[in-house]
Amino acid sequence: MTDEEINIKVNQVNGIGGMTVNERLFTTDLMDLFDKAKKTDKELAKRILLALKVDNTSIDKILN
């Protein structure tokens with residue numbers, strides 16, 4: 001999935017800032033992609049989290 005496709009999914013959700021990371025992943029239908037990327041492609045996983053507006057400190061904790 002491209003960054004553009006990820007951003008389209010994220011931009012379709014209102015109020016994403018008030019959600020937990022899991023809620024953001026579920027609501028945008030990116031949970032499965034993220035779970036796979038977390039195991040095999042950390043850079044893609046990071047790009048997904050950044051698109052979901054997750055802060056860098058949290059991203060580091062999630063991916064390490």
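These are my notes on the fold, the surface and one core residue of a predicted model.

**Entry 1: secondary structure.** I began with the elements of the chain. I found 5 helices and 0 strands. Read from the N terminus, the order is α-α-α-α-α.

**Entry 2: overall dimensions.** I then looked up the extent of the chain. Along the principal axes, the C-alpha trace spans about 30 × 25 × 15 Å. The radius of gyration is 11 Å, and a compact globule of 64 residues would have a value near 11 Å, so the chain agrees with that expectation.

**Entry 3: contacts along the sequence.** I asked what share of the contacts with a separation of 6 or more comes from residues 24 or more positions apart. The share is 40%.

**Entry 4: burial and surface.** I looked up how much of the chain is buried. Of the 64 residues, 30% are buried. The accessible surface of the chain is about 4200 Å². Carbon and sulfur atoms account for 48% of that surface.

**Entry 5: charges.** I counted 10 positive and 11 negative charges in the chain. I also looked up the distance between the mean position of the positive charges and that of the negative charges, and noted 4 Å.

**Entry 6: nonpolar core.** I went on to the largest nonpolar core, which has 17 residues. The residues with the most contacts inside this core are Ile6, Val10, Leu30, Phe34, Ile48 and Leu52. I checked which helices feed the core: α1, α3 (31-40), α4 (42-51) and α5 (56-63) each supply at least two of its residues. Which helix gives the largest share? I noted α4, with 5 residues.

**Entry 7: Ile6.** I picked Ile6 from the core list for a separate look, as it is among the residues with the most contacts there. Ile6 sits in helix α1, which covers residues 3-11. Is Ile6 buried or exposed? Its relative accessibility is 1%, and buried means under 20%, so Ile6 counts as buried.

I next listed what Ile6 touches, leaving out residues up to four places away in sequence. The partners are Met1, Leu30, Leu44, Ile48 and Ala51. Two of these partners, Leu30 and Ile48, also appear among the core residues with the most contacts.

Last, I looked up one pair that is separated in sequence. Ile6 and Arg47 are 41 residues apart along the chain. Their C-alpha atoms are 8.8 Å apart in space.

Technical notes
Residues numbered from 1 in each chain as written. Predicted model: local features only at pLDDT ≥ 70, side-chain atom pairs only at ≥ 80, totals over all residues. Heavy atoms only, no water. Helix = DSSP H or I, 4+ residues; strand = E, 2+ residues; numbered from the N terminus. Rg over C-alpha atoms; globule rule 2.2 N^0.38 Å. Buried < 20%, exposed > 50% of the residue type's maximum accessible area, 1.4 Å probe, protein only. Contact = heavy atoms within 4.5 Å. Areas by Shrake-Rupley, 256 points an atom, 1.4 Å probe, with all protein chains shown as cover. Lys, Arg positive; Asp, Glu negative; His and termini not counted. Charge placed at Lys NZ, Arg CZ, Asp CG, Glu CD. Core = buried A, V, L, I, M, F, W, Y, C linked by side-chain atoms within 4.5 Å.
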